[in-house]
Amino acid sequence: MTVDEAGRALADPTAYADDRRLHEALALLRREDPVHRVEREGYNPFWAVTRHADIMEVERAHTRFLNAPRPVLVTAELDAMNAERAAQGIALRTLIHMDDPDHRVIRAIGADWFRPKAMRALEPRVRELAKRYVDRMAELGGACDFVQDVAVHFPLYVILSLLGLPESDFDRMLKLTQEMFGGDDTELRRGTSPEERLAVLMDFFAYFQELTAARRAHPTDDLASAIANARVDGEPLNDLDIASYYVIIATAGHDTTSSTISGGLRALVEHPDQLDRLRADPSLMPPAVDEMIRWVTPVKEFMRTAVEDCEVGGRRIRAGEALLLSYPSGNRDEEVFEDPFRFDVGRDPNRHLAFGFGVHYCLGAALARIEVRAFFEELLPRLESIELGGEPEGIATTFVGGLKHLPVRYTLK
Ligand code: HEM
């Protein structure tokens with residue numbers, strides 16, 4: 001593989017479905033050209049930032065590297081469509097699309113809800129849901145597709161409970177989030193054309209518009225009410241900002257955590273010594289959770305756009321050029337992690353970048369850790385044995401993802 005081929009893999013959804021190929025490409029880039037210019041047909045050019053230190057530097061300088069107008073990697077066609085919609089004032093504007101001063105104000109609305117203290121109050125409900133899904137595994141009789149039968153449901157139900165949505169709507173939301181985030185994958189997608197993607201977005205908007213109206217008429221104490229009734233400078237948020245908030249919470253909180261739980265289980269199955277170690281010493285659960293998050297790194301990238309000419313990792317970047325922050329690469333950086341390709345449930349320190357860094361640092365990090373921990377704390381004491389029941393299959397996406405199928409055979413107490 002050449003350095004240019006490795007760079008192009010970053011804009012190839014299928015490369016992310018194959019861990020070995022992906023990490024071969026990322027290791028080559030870190031070694032040979034850590035800030036590498038990628039030109040791939042169908043995509044606007046970008047710089048791939050693959051070293052931990054350079055990713056941190058870009059994230060830290062949030063007034064010089066903006067999330068707008070290109071927060072994630074999409075095709076040139078979608079970039080153009082997004083720019084057109086932004087000019088018309090009808091584009092999705094979530095936290096990840098914003099910069100200060102708007103970002104700080106809008107983030108504060110949700111931030112209260114996601115403080116570790118508030119999350120601890122939510123823990124009993126999370127544990128109850130985790131137990132429900134371990135019971136589900138038992139009901140399935142010793143074999144299942146762990147992703148489709150368990151992992152995609154549990155985190156979505158946590159997030160929908162947090163928002164205050166009724167359980168009867170959960171299946172509809174599951175389908176919509178998969179259509180939105182599984183957008184490059186032929187099995188999950190509704191379609192990849194701009195029109196089909198827009199249709200998915202519009203379905204989301206319609207659902208959340210109804211919810212806003214209901215929470216304004218009858219406020220409750222859930223997150224949906226806090227968003228629907230929030231005021232900025234004395235004014236309520238407009239429909240687009242409200243819908244965008246729901247979309248980012250519902251989508252960001254779902255596939256990320258479910259991918260971590262399935263990838264984490266796979267790592268434990270494939271490293272039985274680490275599974276035994278964790279079962280023998282449950283006090284290792286907090287570092288084990290972070291090691292699973294590092295190992296899987298479900299968010300593959302975010303992008304930033306340079307405000308002015310500058311230098312990153314010794315490369316000259318021009319104003320207006322985009323940089324892709326490769327989190328899977330930063331999380332295997334040999335300069336930062338001792339033996340980065342070893343799965344080590346006791347890893348300490350573990351300065352992974354899976355939740356990003358700086359002002360956009362993941363709002364749901366505390367919740368995600370609680371969910372992963374609750375699930376494995378329910379599962380492990382009941383688990384007598386577990387093995388793969390077939391070949392795991394990855395999702396083809398350049399953005400958020402992990403496994404699509406994880407067949408397992410197991411015995412539960
Ligand atoms: C942002 C990762 C779970 C809500 C982010 C970012 C990453 C990330 C990398 C961007 C950070 C940056 O630009 O520096 C993850 C991972 C998760 C996870 C790996 C699970 C293991 C969640 C959960 C929620 C959530 C459970 C909550 C519902 C958000 C929100 C943002 C965000 C709202 C936007 C923050 C902003 O732009 O200010 N996440 N996330 N995430 N995440 Fe998460």
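In this predicted model, 29 residues surround the ligand, and those that come nearest are Gly 253, Gly 356, His 360, Cys 362 and Gly 364. Looking at which parts of the chain supply this shell, one finds that the elements giving two or more residues to it are helix H12 (239–252), helix H13 and helix H17. Sorted by class, the shell around the ligand consists of 19 nonpolar, eight polar and two charged residues.

Two of these helices can be followed further. In general, a pair of packed helices is described by the angle between their axes and by the distance between those axes. For H13 (residues 255–270) and H17 (residues 365–379), the axes come within 10 Å and cross at roughly 35 degrees, and the crossing of H13 past H17 is right-handed. On the side of H13 the contact is made by Thr 256, Thr 257, Thr 260, Ile 261 and Gly 264, while H17 contributes Ala 368, Glu 371, Val 372 and Phe 375. Taken by class, the residues of this contact between H13 and H17 are four nonpolar, four polar and one charged.

From the ligand we can turn to the interior. In soluble globular proteins, nonpolar side chains tend to be buried together. Here the largest nonpolar core has 110 residues, and those with the most contacts inside it are Val 49, Leu 323 and Leu 324. H12, which also gives two or more residues to the shell around the ligand, provides the largest share of this core, namely nine residues.

Leu 324 is a useful place to see how distant parts of the sequence meet, for when residues up to four places away are set aside, Leu 324 touches Leu 10, Phe 46, Trp 47, Ala 48, Val 49, Leu 73, Glu 301 and Met 303. One of these partners, Leu 73, lies in the loop between strand S3 (65–66) and helix H4 (76–87). Where does Leu 73 stand, buried or exposed? Leu 73 has 24 C-beta neighbours inside 10 Å, and because 20 or more are required, Leu 73 counts as buried. Beyond its neighbours within four places in sequence, Leu 73 is in contact with Ala 11, Phe 46, Glu 301, Met 303, Leu 324 and Thr 398. Leu 73 and Leu 10 are 63 residues apart in sequence, yet their C-alpha atoms are 9.4 Å apart in space.

Finally, helix H8 (residues 154–163) has nine of its ten residues buried, so H8 is largely enclosed by the rest of the structure. Among the buried residues of H8 are Phe 154, Pro 155, Leu 156 and Tyr 157. After H8 comes Gly 164, whose phi is positive, near 95 degrees.

Definitions and conventions:
Residues numbered from 1 in each chain as written. Predicted model: local features only at pLDDT ≥ 70, side-chain atom pairs only at ≥ 80, totals over all residues. Axes fitted to C-alpha atoms, helices over the stretch in contact; angles between N-to-C directions. Helix = DSSP H or I, 4+ residues; strand = E, 2+ residues; numbered from the N terminus. Left-handed = near helix turned anticlockwise from the far one by under 90°. Contact = placed C-beta atoms within 7 Å. Nonpolar A, V, L, I, M, F, W, Y, C, P; charged D, E, K, R; others polar. Near = placed C-beta within 6 Å. Core = buried A, V, L, I, M, F, W, Y, C linked by C-beta atoms within 7 Å. Buried ≥ 20, exposed ≤ 12 C-beta atoms within 10 Å, placed from the backbone.
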